[in-house]
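Reader: I would like a careful look at one part of this model and at what surrounds it. Please take the structure shown here as the basis.

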Amino acid sequence: MTQAELARKTGIRPATINEMYHELCERVNLEHLDLICEALQCDISDLLKYEPNLIKIVKKQ
């Protein structure tokens, strides 16, 4: 499926799809993820992978 087809199926702007594809977005809209999962008939775990930061941001008390 092309980016343009995904944009048409989901109603998400093509520029937004392109930013996601090229990993340029800083934030991801959860509604967009839901729409993409519906269009691709997949689970969110098929789209996202957790990679922990090398430097810990949250301090333990």
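Where in the model is Asn 18 found? Please start from that residue, and then work outward to the pockets and to the segment that follows the last helix you describe.

Author: A word of caution comes first: this is a predicted model, and everything below should be read as computed from it. Asn 18 is found in helix α2, an element that spans residues 14–21. With a relative accessible area of 30%, a value that lies between the limits of 20% for buried and 50% for exposed, Asn 18 is classed as partly exposed. Its C-alpha atom is separated by 6.8 Å from that of Gln 3, although the two residues are 15 apart along the chain. Gln 3 has the number at which helix α1 (3–10) begins.

Another contact of this kind involves Pro 14, which is found in helix α2 as well. Here the partner is Ala 4, which is 10 residues away in sequence and 6.2 Å away in space, taken from C-alpha to C-alpha. Pro 14 is exposed, because its relative accessible area is 55% and the class begins over 50%.

From helix α2 it is a natural step to the largest pocket, since α1, α2 and α3 are the elements that each give two or more residues to its lining. This pocket has a volume of about 470 Å³ and is lined by 15 residues, among which Met 20, Tyr 21, Ile 36, Leu 47 and Leu 48 lie nearest its centre. By type, the lining divides into 12 nonpolar residues, 2 polar ones and 1 charged one.

Helix α3 covers residues 30–40, and Cys 37 has its place there. The relative accessibility of Cys 37 is 10%, which is why it counts as buried, given that the limit for this class is under 20%. Cys 37 is 27 residues away from Thr 10 in sequence, and the C-alpha atoms of the two are 9.5 Å apart in space.

The loop between α2 and α3 deserves a separate remark, because it holds Glu 23, whose relative accessible area of 70% makes this residue exposed. The phi angle of Glu 23 is near 55°, a positive value in a residue other than glycine. Most residues other than glycine have a negative phi. A further case is Gln 41, with a positive phi of about 50° although it is not a glycine. Gln 41 belongs to the segment after α3 and counts as exposed at 74% relative accessibility.

Cys 42 also has its place in that segment after α3, but at 23% relative accessibility it counts as partly exposed. In contrast to the pairs described above, Cys 42 and Ala 15 lie 22 Å apart in space, C-alpha to C-alpha, with their positions 27 residues apart in sequence.

Leu 47 lies in the segment after α3 too, and it ties several features together. At 33% relative accessibility, Leu 47 counts as partly exposed. Together with Met 1, Leu 40, Ile 44 and Leu 48, it makes a nonpolar surface patch of about 430 Å². Besides being one of the residues nearest the centre of the largest pocket, Leu 47 lines the second largest pocket, along with Leu 48, Lys 49, Tyr 50 and Glu 51.

That second largest pocket has a volume of about 160 Å³, and its lining divides into 3 nonpolar residues, no polar ones and 2 charged ones. Side chains of opposite charge can pair when their charged atoms come close. The structure holds 1 salt bridge, and in a salt bridge the side chains of Glu 51 and Lys 49 meet at 3.8 Å, N to O. Glu 51 is exposed, with a relative accessible area of 56%, and Lys 49 is exposed as well, with 68%.

Terms used
Residues are numbered from 1 along each chain as its sequence is written. This is a predicted model: local features need pLDDT of at least 70, side-chain atom pairs count only at pLDDT 80 or more; totals for chains, interfaces and linings use all residues. Side-chain values use heavy atoms; hydrogens and water are left out. Patches are made of residues with over 30% relative accessible area and no salt bridge: like charges are joined within 9 Å, nonpolar side chains (Val, Leu, Ile, Met, Phe, Trp, Tyr) within 5 Å. Accessible areas come from the Shrake-Rupley method with a 1.4 Å probe; for residues, only the protein chains shown count as cover. A salt bridge is a side-chain nitrogen of Lys or Arg within 4 Å of a carboxyl oxygen of Asp or Glu. Helices (H or I, at least four residues) and strands (E, at least two) are DSSP runs, numbered from the N terminus. Buried means under 20% relative accessible area, exposed over 50%, partly exposed in between (1.4 Å probe, protein chains only). On a 1 Å grid over the protein atoms alone, a cavity is a set of points where a 1.4 Å probe fits but cannot get out, and a pocket is an open set with protein on both sides within 12 Å along at least five of seven lines; lining residues have an atom within 4 Å of a point. Grid points are joined across faces, edges and corners, and a volume is the space filled by probe spheres set on the points. Ala, Val, Leu, Ile, Met, Phe, Trp, Tyr, Cys and Pro count as nonpolar, Asp, Glu, Lys and Arg as charged, and the others, Gly among them, as polar.
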